[in-house]
Amino acid sequence: YSRDELERLRLIKHLVDELGINLAGVQRLLSIAEVVHRIQPLMDEHALSTGAGRRQLASEIRRLNEMVGL
């Protein structure tokens, strides 16, 4: 396993064993975390100055809202 894969497995184990989150919840949380990870670079001033960057940010925010049921 790669370092990133091992870190992901540790996180999953922590969420399940220590926080009591079921695997469906873990999957949802990891999906949300991936969207947040994609949003972070879009918050850069340069990215926001382009129409494509703003559209991509809006798309990711819509996806995040759908995931959390908003």
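**Helix packing and salt bridges**

Helices α1 and α2 are oblique to each other, because their angle of about 130 degrees lies outside the ranges that count as roughly perpendicular (65 to 115) or roughly antiparallel (over 145). The model is predicted. Helix α1 covers residues 3–18 and helix α2 residues 23–42. Their axes are 10 Å apart. The crossing of the two helices is right-handed. On the α1 side, the contact is made by R8, L11, I12, L15 and V16. Helix α2 contributes L23, V26, L29, L30 and E34. Eight of the contact residues are nonpolar and two are charged. None is polar.

The salt bridges come to five. One of them pairs R10 with E7, at 3.5 Å from N to O. Both residues belong to helix α1. They are three residues apart, and so separated by about one helical turn. E7 is partly exposed, with 48% relative accessibility.

R38, E60 and R63 are linked in a network of salt bridges. In the pair of R38 and E60, the closest N and O atoms are 3.0 Å apart. R38 lies in helix α2 and E60 in helix α4 (residues 51–68), so this salt bridge ties together parts that are 22 residues apart in sequence. E60 also meets R63, at 2.8 Å from N to O. E60 and R63 are three residues apart in helix α4, which means a separation of about one helical turn. E60 is buried, at 6% relative accessible area. Its two partners are partly exposed: R38 has a relative accessibility of 33%, and R63 has 34%.

Key
Residues numbered from 1 in each chain as written. Predicted model: local features only at pLDDT ≥ 70, side-chain atom pairs only at ≥ 80, totals over all residues. Heavy atoms only, no water. Axes fitted to C-alpha atoms, helices over the stretch in contact; angles between N-to-C directions. Helix = DSSP H or I, 4+ residues; strand = E, 2+ residues; numbered from the N terminus. Parallel < 35°, antiparallel > 145°, perpendicular 65-115°, else oblique. Left-handed = near helix turned anticlockwise from the far one by under 90°. Contact = heavy atoms within 4.5 Å. Nonpolar A, V, L, I, M, F, W, Y, C, P; charged D, E, K, R; others polar. Salt bridge = Lys/Arg side-chain N within 4 Å of Asp/Glu carboxyl O. Buried < 20%, exposed > 50% of the residue type's maximum accessible area, 1.4 Å probe, protein only.
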